[in-house]
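Hi,

Here is the structure I promised to pass on. Have a look at it first, and then read my notes below.

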Amino acid sequence: MTDESWAGWYRDRDGSDAVVLTTDGQQLRIRIRGVDFEGESFDRLVPVAGATPESGAPAPADGTSCPVGEGFSSPDGAFSSAGGTFSLAEGALTDCVLEWDLPLPVRVDGTLRQATLGCLLSLRRVDPDLHLALHLDGAVYESARAESDFAAALTAIQRILPDGVRLQTCIACAFSAPFPTQVPAQLPAPASSASASVPGPRRGLSGSLACFGEAKGAPGDRRTGLVQEVWSCRGFEGSPSWATDTDTGTGADTHTGHQGAFPLESV
């Protein structure tokens, strides 16, 4: 996978700052006021282990916390740097707003086009609010103002797009499937991942799709990793079933994607 970068803004009680979000389809990275954050989902962005805040105090390599005034506080507290103080909930960034635009491929009557997806995310301690707006040919197609996750918001947009227009991202791919709620909540994460210390379910705001793209036709059809809903790769094949259900559900529940029993093995 080749990294993509999206320009945007970060806002909290200390003001607004221009930022750049970088992703490889699985891991998100962002630098805010000289501090690096990383995670598998927008609501799981944690200070990078071993990073040195502008205050000069290094973050612990094991992801644990330091006292206030030395760079870190408790997981449900604050992270302090020379650039300001960041609120944390379970060790992840919270009490802030992220806004960014990203190019989103769409198929218009079979022809690949580039649209722009405007994203507005309010990271609250309880139930983050997400709003997406797809800009295509001078028209804007919007999700509800307070969607719970990217799956729901993208599904809402697909359902209001004109006939013949289809999103071409992982959420709409035949070789993806929603990460099921019945499997263990926390799968093993790479030892180098800063977000490995963050507890909680893996099916959430973003990055909760299972990808089977690298295992097409392989024995056992093993799942090859988790991927972000807005990611798109060369192996994309559209799923005709996605977002066609008229139910008012999230869309993640109506997307069949991978056929057959969902493999429960770890990545």
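**Notes on the helix, the strands and the rings**

Let me start with helix α1: its buried residues are F150, A151, A152, A153, L154, T155, I157 and Q158. Please keep in mind throughout that this is a predicted model.

That list covers eight of the 11 residues of α1 (residues 150-160), so the helix is largely enclosed by the rest of the structure. And what lies over those buried residues? The cover includes β9, β10 (111-123), β11 (129-136), β12 (139-142) and β13 (165-167). One detail to zoom in on is the start of α1, where a side-chain oxygen of D149 comes to within 3.1 Å of the backbone nitrogen of A151.

Now go to the beginning of the chain. Strand β1 (residues 4-12) runs antiparallel to strand β2 (residues 15-23), and nine bridges pair them. A hairpin of two residues takes the chain from β1 to β2. If you want a spot to check the register, S5 has T22 in β2 as its bridge partner.

β1 also pairs with strand β9 (residues 96-108), again in the antiparallel sense, this time over four bridges. There you can see W9 opposite E99 in β9. So β9 turns up twice in these notes: it pairs with β1, and it is among the elements that cover the buried residues of α1.

Next, the aromatic rings. How many aromatic pairs does a search of the whole structure find? There are five. Take F37 and F86: their ring centres are 5.2 Å apart and their planes stand at 70°, so this pair counts as edge-to-face. It ties together distant parts of the chain, since F37 sits in strand β4 (residues 35-39) and F86 in strand β7 (residues 84-89), 49 residues apart.

Are these two rings' residues buried or exposed? F37 is buried, at a relative accessible area of 1%, and F86 is buried as well, at 0%. Ring pairs also bring in Y10, which forms a cluster with F37 and F86.

One last place to look is I171, in the loop between β13 and β14 (176-178). Its relative accessibility is 1%, so I171 counts as buried, the cut-off being under 20%. The C-alpha atom of I171 lies 9.4 Å from that of G238, although the two residues are 67 apart along the chain.

Cheers

Note on methods
Residues numbered from 1 in each chain as written. Predicted model: local features only at pLDDT ≥ 70, side-chain atom pairs only at ≥ 80, totals over all residues. Heavy atoms only, no water. Pairing = 2+ DSSP bridges. Phe/Tyr/Trp six-rings, centres within 6.5 Å; stacked < 30°, edge-to-face > 60°. Buried < 20%, exposed > 50% of the residue type's maximum accessible area, 1.4 Å probe, protein only. Contact = heavy atoms within 4.5 Å. Polar contact = N/O pair within 3.5 Å; in protein donor to acceptor, adjacent residues only side chain to side chain.
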